[in-house]
Amino acid sequence: MGRLFAIEIIYRGIFQKTLARNISRAIVLAAHKEGKPGISFGRYGDSPERNGIPAKSFAIVATDDVTLEEGMAKYEPKDVDITICVDDTLAKGVESWAWYGLQPVNKLLKPGGTLIVTSRLEADPIIAMCHRKETPYEMAILKAIPSFSGLWVYKDDHTDVRILGAIAKILPDLFSLKSVQAAITDEWHDAVKVTSAARAYEKLTTVTVKPTQGNPEVPFKFDLPKWHEMGEGIVIPSIPAGHKMEDPGTHATGGYKPDRNPTFKKFSTRTMRPVVDFDTCIKCTLCWLQCPDSCFDVTPEGLYDANMEACCGCGVCEAVCPVPNCVTMVNESSFHDNASQWVAWRKDKTNYKGWVQEKIKGHGERSHGFRYLGQYEEQVPEMLDIATKG
Amino acid sequence: MAIATVVEQQKGTEETALITGSEAIAVACKLADVDVITAYPIRPYDTVMQYICKLVANGEMDCEYIVAEGEHSQFEIVKHASAAGARVFCGSSGVGWMYAMEALTVTPALRIPMIAMVGNRALDDPGAFGVEHNDALAVRDLGWQLVWVDNAQEALDTALIAYRVAEDRRIFLPCAISCDGAFLTHSQAVVKIPSQEQVNKFLPRYNRGDLLLHPDNPITVAPQGNEDWVMEIRRQNYAAIERSYGVIKEAYAEFEKIFGRSYGNPFFEEYMTSDADIVLMGMGTLSTPVKVAIRKMRDEGKKVGFVRMRWFRPFAAEDLAKCLSRFKAVGVIDRDYSMGSPYNSGVLATEVRTALYCGSGAKPPVLGFIAGLGGREVTVPDVEKITASVQQAAQGKTQPLTQWIGLRE
Ligand code: SF4
Ligand code: SF4
């Protein structure tokens with residue numbers, strides 16, 4: 001048996017699909033320069049054509065064909081040398097369209113493996129978002145926005161080749177910087193991109209993440225039923241209608257909280273979530289009416305509390321709310337739990353006001369795409385500058 | 001019966017009528033008080049829809065009768081009606097049945113006890129009307145129960161039995177009743193019509209229970225599922241069709257008790273087999289020339305018998321292997337083809353070989369014969385020719401494993 005190398009790329013459909021594919025292709029091509037066979041593929045059960053849906057690509061490389069075959073004799077790799085996460089909000093976990101619960105972003109990493117995250121944040125807040133892992137691993141932050149590199153309407157920001165340069169540094173047995181640069185020249189015929197790969201190689205630093213660091217929460221998972229435990233005829237009983245809500249202070253009941261599927265929850269599909277200022281809400285019902293996923297729980301006093309186990313982060317509620325700054329979409333990296341905002345508001349309104357101000361200030365950042373007109377023109381040249389100068 | 005000719009009045013309420021196989025099934029639908037029927041014309045199936053239409057128009061039958069714009073919709077409509085608790089009937093022939101294929105595949109997956117009549121017809125091209133069994137056989141792997149009948153009385157009785165079996169909560173799988181085009185669908189015979197009281201006693205109301213699609217029972221039917229769910233769903237359907245074997249037996253026993261007519265072994269009919277050296281096999285109306293030929297050959301001292309398969313799904317493999325192990329050779333006449341299959345035999349011959357291979361008893365040689373395609377007549381001399389070859393095989397002489405009979409060559 002020779003040596004097997006496995007790398008996964010975690011991305012969001014559909015705009016990062018080409019980026020992920022370009023990275024996994026180039027990994028195989030660079031390894032090929034050194035005579036190592038490899039295969040690049042996407043996880044078939046994912047739905048990478050859906051906007052924002054977490055998905056995976058893999059590059060499997062080996063020192064010989066027989067070893068490669070051993071590595072490919074499974075649906076997807078069970079452990080990887082490197083995990084690449086090209087959208088930092090996915091540090092919270094991977095919620096595939098082919099729902100298996102929430103998979104921690106570092107789940108497949110071998111002990112001592114490296115998690116590369118493209119982000120404008122520092123390592124610490126990213127580590128806080130990742131679930132804890134029993135064995136230590138390395139984390140490398142590549143300063144970048146969640147890139148759409150490779151998408152034809154998107155100006156290239158070199159995220160793809162920077163990641164390739166970083167891989168050459170982390171896993172020199174897989175391929176050298178020279179091989180990566182040769183593969184980049186073959187694929188892109190672009191000398192500047194070759195330079196960007198070298199910059200990433202030179203500048204890369206990693207930090208060790210200890211088992212005591214990270215989100216201590218046990219990621220949500222569920223057991224699949226046996227065939228004779230399942231209902232027949234592909235029939236699923238409906239979720240019960242719902243019930244009244246209870247005020248945490250007065251214990252008064254009222255309003256309406258729909259019951260939701262206890263198994264199929266929403267997690268990292270969302271890149272942003274609504275922050276609601278209950279003090280300015282005029283109870284117009286529009287957010288409740290327009291939300292595509294029936295996320296809003298109606299409180300006893302007739303306010304609308306977005307439930308974060310149902311929200312997909314579409315932003316419709318923000319768009320329809322007639323009151324300025326009453327509903328503001330905020331990047332997921334600003335939150336560490338799915339707790340009810342209304343409960344927090346009922347407990348301490350002054351404190352809540354401060355919390356809202358803190359969340360919406362400067363965090364109106366979308367991870368997947370652009371938040372306002374002109375943001376693209378601002379950010380892409382900045383990214384390109386970081387890439388070429390390092 | 002306002003339309004059928006009542007030829008004689010039998011003890012009490014049982015009447016007789018001179019009707020075709022298709023009309024016999026229409027009468028069964030009336031007696032079963034079917035709720036929703038969909039239609040789209042194609043020969044020879046259209047004979048059943050025309051007759052039901054008459055029964056409705058004459059006020060003898062009360063049902064929703066919907067003429068769809070094509071076979072796909074025809075089968076989809078009854079699928080949905082059945083999910084909502086209606087007893088349904090549907091049917092088609094040849095390429096019409098194939099046009100409905102997508103609906104036919106989802107019907108067993110959703111555990112819909114739809115009863116369909118297939119007026120067996122050759123698949124296009126060249127657009128022949130005559131019988132071939134490939135249309136109905138196209139669903140053999142999907143969870144459909146499949147039965148072939150060879151006379152109008154059996155058609156009526158089997159339709160009633162099919163409702164009882166399909167709608168049994170242990171089963172909830174569709175059932176197609178195959179009737180050979182022309183020979184059965186277009187020829188009239190005297191049929192005993194059971195009384196409504198007897199039928200009511202035999203056939204309980206369809207109760208979809210927890211799977212009922214109704215506002216009082218809110219459910220989701222057929223959500224998308226991935227590889228985490230598919231095997232379990234298929235396994236459930238295996239369990240249902242496995243149970244079907246026993247439920248069919250129960251239904252025939254109960255049928256005999258209530259209607260006084262026995263079919264013996266429900267799964268296959270044995271004709272002059274008790275002392276036979278060799279047997280022929282087949283499905284549907286080719287039983288007529290085969291039985292005539294056997295009687296002729298018996299007069300000549302040849303010990304030939306016949307085994308006519310009724311239920312093709314579920315396939316009573318163990319029973320059949322046990323039965324066939326008594327003979328020195330078996331000749332299977334297929335009114336179908338299976339291009340490129342093992343030894344290029346027909347579908348039935350291949351299944352019979354499989355049943356025998358895994359059976360515990362003796363394994364006589366099985367010769368396959370392709371005959372009567374597109375409605376071509378299977379003649380008595382054809383059967384004699386087949387028998388001669390099977391006799392050779394019984395004596396240990398090598399014979400071709402598949403032979404085309406009645407072909408211009
Ligand atoms: S972001 Fe979309 S899904 Fe979430 S609460 Fe608002 S409208 Fe509903
Ligand atoms: S849309 Fe805005 S103002 Fe209207 S109910 Fe929702 S949060 Fe309140």
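How many salt bridges does the count come to over all chains? The count comes to 51 salt bridges over all chains of this predicted model. The legends below describe selected close-up views.

**Figure 1. Salt bridge between A:Arg371 and A:Glu318.** The closest N and O atoms of A:Arg371 and A:Glu318 are 2.6 Å apart. This pair links distant parts of the chain, 53 residues apart: A:Arg371 belongs to the loop between helix 10 (349–360) and helix 11 (375–389) of chain A, and A:Glu318 to helix 8 (residues 316–320) of chain A. A:Arg371 counts as partly exposed because its relative accessibility is 24%. A:Glu318 is likewise partly exposed, with a relative accessible area of 23%.

**Figure 2. Salt bridge between B:Asp35 and B:Arg205.** The closest N and O atoms of B:Asp35 and B:Arg205 are separated by 3.5 Å. Distant parts of the chain are linked by this pair, whose members stand 170 residues apart: B:Asp35 is in the loop between helix 1 (21–31) and strand 3 (36–39) of chain B, and B:Arg205 is in the loop between helix 8 (196–202) and strand 10 (219–221) of chain B. With 27% relative accessibility, B:Asp35 counts as partly exposed. The relative accessible area of B:Arg205 is 48%, so B:Arg205 is partly exposed.

**Figure 3. Salt bridge between B:Arg313 and B:Asp141, with a salt-bridge network of chain B.** In the pair B:Arg313 and B:Asp141, the closest N and O atoms are 3.9 Å apart. The two residues, 172 positions apart in the chain, link distant parts of it: B:Arg313 lies in strand 14 (residues 311–313) of chain B, B:Asp141 in the loop between helix 6 (134–137) and strand 7 (145–148) of chain B. B:Arg313 counts as buried at 13% relative accessibility, whereas B:Asp141 is exposed, with a relative accessible area of 60%. Salt bridges with shared partners also join B:Asp150, B:Glu154, B:Glu269, B:Lys291, B:Arg308 and B:Arg310 into one network.

**Figure 4. Surroundings of ligand 2.** The shell around ligand 2 includes A:Cys281, A:Cys284, A:Cys287, A:Cys321 and A:Cys326. Among the other surrounding residues are A:Ile282, A:Lys283, A:Thr285, A:Tyr304 and A:Pro322. By class, this shell divides into 10 nonpolar, 1 polar and 1 charged.

**Figure 5. Surroundings of ligand 1.** Around ligand 1 there are 13 residues, of which A:Cys291, A:Cys311, A:Cys314, A:Gly315 and A:Cys317 come nearest. The shell contains 11 nonpolar and 2 polar residues, and no charged residues.

**Figure 6. Nonpolar surface patch of A:Leu286, A:Trp288 and A:Leu289.** Together, the three residues of this patch have about 280 Å² of accessible area. A:Leu286 is placed in helix 7 (residues 286–290) of chain A. At 31% relative accessibility, A:Leu286 counts as partly exposed.

**Figure 7. Helix 4 of chain A.** Helix 4 (residues 159–170) has 12 residues and, at 1.5 Å a residue, should span 16 Å; its end C-alpha atoms are 17 Å apart, which agrees. Because 10 of the 12 residues are buried, helix 4 of chain A is largely enclosed by the rest of the structure. The buried residues include A:Thr159, A:Asp160, A:Arg162 and A:Gly165.

**Figure 8. A:Cys85 and A:Ile116.** These residues are 31 residues apart along the chain, and their C-alpha atoms are separated by 6.1 Å. A:Cys85 is located in strand 4 (residues 80–85) of chain A. With 1% relative accessibility, A:Cys85 counts as buried.

**Figure 9. Helix 1 of chain B and B:Asp33.** Helix 1 of chain B is largely enclosed by the rest of the structure, because 10 of its 11 residues are buried. Among the buried residues are B:Glu23, B:Ile25, B:Cys29 and B:Leu31. Just after this helix, B:Asp33 takes a positive phi of about 55°, although B:Asp33 is not a glycine. B:Asp33 lies in the loop between helix 1 and strand 3 of chain B and is partly exposed, with a relative accessible area of 38%.

**Figure 10. Backbone details in loops of chain B.** The peptide bond from B:Arg43 to B:Pro44 is cis, with omega near 0°; B:Pro44 belongs to the loop between strand 3 and helix 2 (46–57) of chain B. B:Asp124 and B:Asp125 are also joined by a cis peptide bond, with omega about -20°. B:Asp125 is in the loop between strand 6 (115–120) and helix 6 of chain B. B:Phe172, although not a glycine, has a positive phi of about 45°. B:Phe172 occupies the loop between helix 7 (152–166) and strand 8 (175–180) of chain B and counts as buried at 1% relative accessibility.

Methods: Residues numbered from 1 in each chain as written. Chains lettered and ligands numbered in written order. Predicted model: local features only at pLDDT ≥ 70, side-chain atom pairs only at ≥ 80, totals over all residues. Heavy atoms only, no water. Near = heavy atom within 4 Å. Nonpolar A, V, L, I, M, F, W, Y, C, P; charged D, E, K, R; others polar. Patch = residues over 30% accessible without salt bridge, like charges linked within 9 Å, V, L, I, M, F, W, Y side chains within 5 Å. Areas by Shrake-Rupley, 256 points an atom, 1.4 Å probe, with all protein chains shown as cover. Salt bridge = Lys/Arg side-chain N within 4 Å of Asp/Glu carboxyl O. Helix = DSSP H or I, 4+ residues; strand = E, 2+ residues; numbered from the N terminus. Buried < 20%, exposed > 50% of the residue type's maximum accessible area, 1.4 Å probe, protein only. Expected span 1.5 Å × (residues − 1).
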